[in-house]
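Reader: Got a minute to walk me through this one? I'd like to go spot by spot.

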Amino acid sequence: MTERVRVAVIGGGPAGLTAAAALAPSVAGDVLVLERETETGGIPRHSDHPGYGMRDLRRFMSGPEYARRLTRSAREAGALLETEAMVTGWAGPRTLEVTSPRGRRLIEADAVVLATGARERPRPARFIAGDRPDGVYTTGQLQNLVHLHHREVGRRAVIVGAELVSWSAVLTLHEAGCRTVLMTSEYDKPEAYTAFRVPGRLAFGVLVRARTRVVAIHGKGRVTSVDIENLDTGQRHRVPCDTVITTGDWIPDHELARSGGLDLDEGTRGPRVDTSLATSVPGVFAAGNLLHPVDTADVAALDGRHVAAAVLGHLDGEPAPGGGGVPLVAEAPLRWVAPQLVRPGGPPPSRGKLLLWSDAFRTLPRVTATQDGRVLGRTRLPWPAAPGRVFRVPFSLVSGADPAGGPVRLTLA
């Protein structure tokens, strides 16, 4: 027997919970959130440091507090939250195969919101050679062990990556009594903002090496050392440590999007969406870091709030967007832009911003939008563009695109 709900939200992180809280009061029927973990809240629930909730809640709170707040808001709005529920596939355009300790079943929804988030690229996907000892974690695994299970992780750590999340790993290691002896970055300079990097180095004595990478991990039962390579000279040296943390280099959890036949974007590797966050399959929407791996939790939450309007429109019988829309194309050194489609009459994106990811540093970046050789707009930003973090440009840059014209190309100078 197939269970029917009005809206199924897949993923109980900030985007999914916020979408459910926005939808439940306005939907005649069940809004069901399906979360594979034992608790809702997503990554913030085991990220025990402040800095959450500033954009969406106008609050400054810890990750666990933020996760509890979003969970409570969704419940109080009338959404149903089901944990330990894994969506393993599709049995139709909006029919989900769900497996949980309560058994296997099918859930048919009038609308589906994919809010499955993103994950850090683990050691095997980075092709780091050497032994396979214990003591190698992603930031998420580290925080789960320390904050939720109160486990010890080691005494000397090397962190692969120098993004903002890498400094979150430093904080967690410090709490666990583990010193970070080295942080590596393959770029010309570390990716994180100077405002985080400099205080972090002063407070914790972290040595940060640019243009380096971990090429091998050694140890039988436990990590004993890593080999570090200078990318400019090829010179290698060995660093004693008992813990290795691979941070950043995010991958969207896009397996359901791919198996459901949704069009995927080559840059983000998540679903291609228009400015309302509608995907290529009618009635299926997406939100959060599945679409832009990876931005902050509060920006993902604002996606959840933004997608509600399009979901309600679909439930009210509004026709699906016609035509393919005008594609937005990110030119190197830009890796991706989100959203990727501008449709005639469509709304502006969340917060009126396009999200971009750069593979190069630019101190005062200038972004230009062109269509069929015509300049649509140009903007210079007062903040830097850098690898490892999203930067934003006004949607007005592309809002004048000709609906009958070719792709809009975004370049960075």
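Author: What follows is a short chat about a residue, a sheet and a helix. This is a predicted model, where local features need pLDDT of at least 70, side-chain atom pairs count only at pLDDT 80 or more, and totals for chains, interfaces and linings use all residues. Residues are numbered from 1 along each chain as its sequence is written, and side-chain values use heavy atoms, with hydrogens and water left out.

Reader: Cool. Where does T95 sit?

Author: T95 is in strand β7, residues 95-100 (strands are DSSP E runs of at least two residues, helices H or I runs of at least four, numbered from the N terminus).

Reader: And is T95 buried or exposed?

Author: Buried, with a relative accessible area of 11% (buried means under 20%, exposed over 50%, partly exposed in between, with a 1.4 Å probe and protein chains only).

Reader: What does T95 touch, leaving aside neighbours within four places in sequence?

Author: T95 is in contact with G89, W90, L106, I107 and E108 (contact means heavy atoms within 4.5 Å).

Reader: Switching topic: what's the strand order in the open sheet of four strands?

Author: The order is β10-β15-β16-β17, with mixed pairing (two strands pair if DSSP finds at least two bridges between them). β10 (129-130) and β17 (236-240) are the edge strands, each pairing on one side only.

Reader: In which sense do β10 and β15 pair?

Author: Parallel, over two bridges. G130 stands opposite I217 in β15.

Reader: Last one: which residues of α4 are buried?

Author: V165, S166, W167, S168, A169, V170, T172 and L173. After α4 comes G177, with a positive phi near 80°.
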